[in-house]
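Student: I would like to learn how to read the surroundings of a ligand and the empty space inside a protein. Could we go through one case together?

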Amino acid sequence: MRLRALTVAATSAAALLAASSTAMAHGGPAYHPPSDSLRALAAKVGLRVGTAVTPSYLDQQAYASIAADQFSTVTPENEMKWQVVEPTRGTYDWSGADRLVQFAQQHGQLVRGHTLLWHNQLPDWLTQGVANGTISDAELRDLLHKHIVDEVTHFKGKIWQWDVANEFFANSWDPHPLPDGINGDNFWVQHLGEGIIADAFRWAHEADPHALLFYNDYNIAGEDGTNAKSDAVYNWVKKMLAEGVPIDGVGDQGHLDLQYGFPTKMRQDLQRFADLGLKVAITEADVRTFVNNATEQQPTDPLAPYAHANYYDEMLKACLAVRDCISFTVWSFGDSYSWVPGFFTGEGYADIYDVNLQPKPAYLALQEQLALAKGAPHRPGPGNRGPRH
Ligand code: XIL
């Protein structure tokens, strides 16, 4: 009898464990967001709505509540980048990213990992070592391999989508594009050749076979007017798939600016990536414009708030229209947290909440669009790697 009770206890403990690990991969324990929240409305069509988060800001109650209530996926804005996770060679600091992963698990959210292979935000010890010749190209390759394997392994089973490679393609203004459109001036391409991108996908896949592996870039949904960069990424991904490289998705960052027209090819561009059998996602949406100053971020053009809401709305509609567009992520949600004023002189007002964390017309536009979207194609679920591979 006692033995039986013990067996029952052990079995249910095992079941519980299994259930909790499934819950972990698919978004943690049940969390009940407000029914009119972006995440609740998006869930009706199977879409995940996400935000970039800076984990230390989660100490602020107002910030943490919005992050939890409105979004069903989170991306660490900086805390998974190489510079942050390995500030000193051989010493990892996962604290910020771990904190966000835990927050996500507590609030039924999935995590987008960002980013394993990028030319920016590399540790100083790495770039300096390469520059002064103490790190050879062969050693650089070994270091990158270790970085990718260690990071993906650390978060194994906890990441829904990884941005494996970020921003490799040349824009129209970049002076040295390679024949296939990859930027010949890219740090990684210069030292290790463009084949390094495919290797990064293979290494990430070996370390976590269930994570969805994304190529992520900007101006790849017609934002450059000509669609040339999008064409280049399309041809490259198609080639990679033919060679069996484990790429599952393409992310369009979606950093828009009201001084340029809305990229009218966005839906078609997302659809043609999807037609290759890929998932697609809007990964870093924001819409910037010129403002009075970086603190108040009042647009200088009185019509800007309308256009701002409209651009968000159109971007979301492009994603909703494509069944394999599985997530729509904004690059932070409040203007006072946005990267825009620090990176684009004179610009701001890029997010869906204002500097006081009050919802802007853009928030209401997304909410309304999601409420209307009940007729949109239902997404196929969290969609971890399926039998295709
Ligand atoms: C930005 C962050 O928002 C900033 O906080 C940081 O200082 C620089 O990087 N494309 C990307 C993101 O893929 O990682 C960048 O994030 C914005 C552009």
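Tutor: We can begin with a polar contact, which is a pair of N or O atoms within 3.5 Å; here an oxygen atom of the ligand lies 2.7 Å from an N or O atom in the side chain of K81. The model is a predicted one, in which local features need pLDDT of at least 70, side-chain atom pairs count only at pLDDT 80 or more, and totals for chains, interfaces and linings use all residues. Residues are numbered from 1 along each chain as its sequence is written, and side-chain values use heavy atoms, with hydrogens and water left out.

Student: Which other side chains have an N or O atom at such a distance from an oxygen atom of the ligand?

Tutor: For the side chain of W331 the distance is 2.9 Å, and for that of N78 it is 3.0 Å. The protein covers 85% of the 410 Å² of accessible area (Shrake-Rupley method, 1.4 Å probe) that the ligand has on its own.

Student: How is empty space found, and what is the volume of the largest cavity?

Tutor: Rolling a probe the size of a water molecule over the atoms shows where empty space is left. A cavity is a set of points, on a 1 Å grid over the protein atoms alone, where a 1.4 Å probe fits but cannot get out, and its lining residues have an atom within 4 Å of a point. The largest cavity holds about 50 Å³ of space, and its lining, which includes K81, W82 and W118, divides into five nonpolar residues, three polar and one charged.

Notes. A polar contact is a pair of N or O atoms within 3.5 Å; within protein, one must be able to donate a hydrogen and the other to accept it, and residues adjacent in sequence count only if both atoms are side-chain atoms. On a 1 Å grid over the protein atoms alone, a cavity is a set of points where a 1.4 Å probe fits but cannot get out, and a pocket is an open set with protein on both sides within 12 Å along at least five of seven lines; lining residues have an atom within 4 Å of a point. Grid points are joined across faces, edges and corners, and a volume is the space filled by probe spheres set on the points. Ala, Val, Leu, Ile, Met, Phe, Trp, Tyr, Cys and Pro count as nonpolar, Asp, Glu, Lys and Arg as charged, and the others, Gly among them, as polar.
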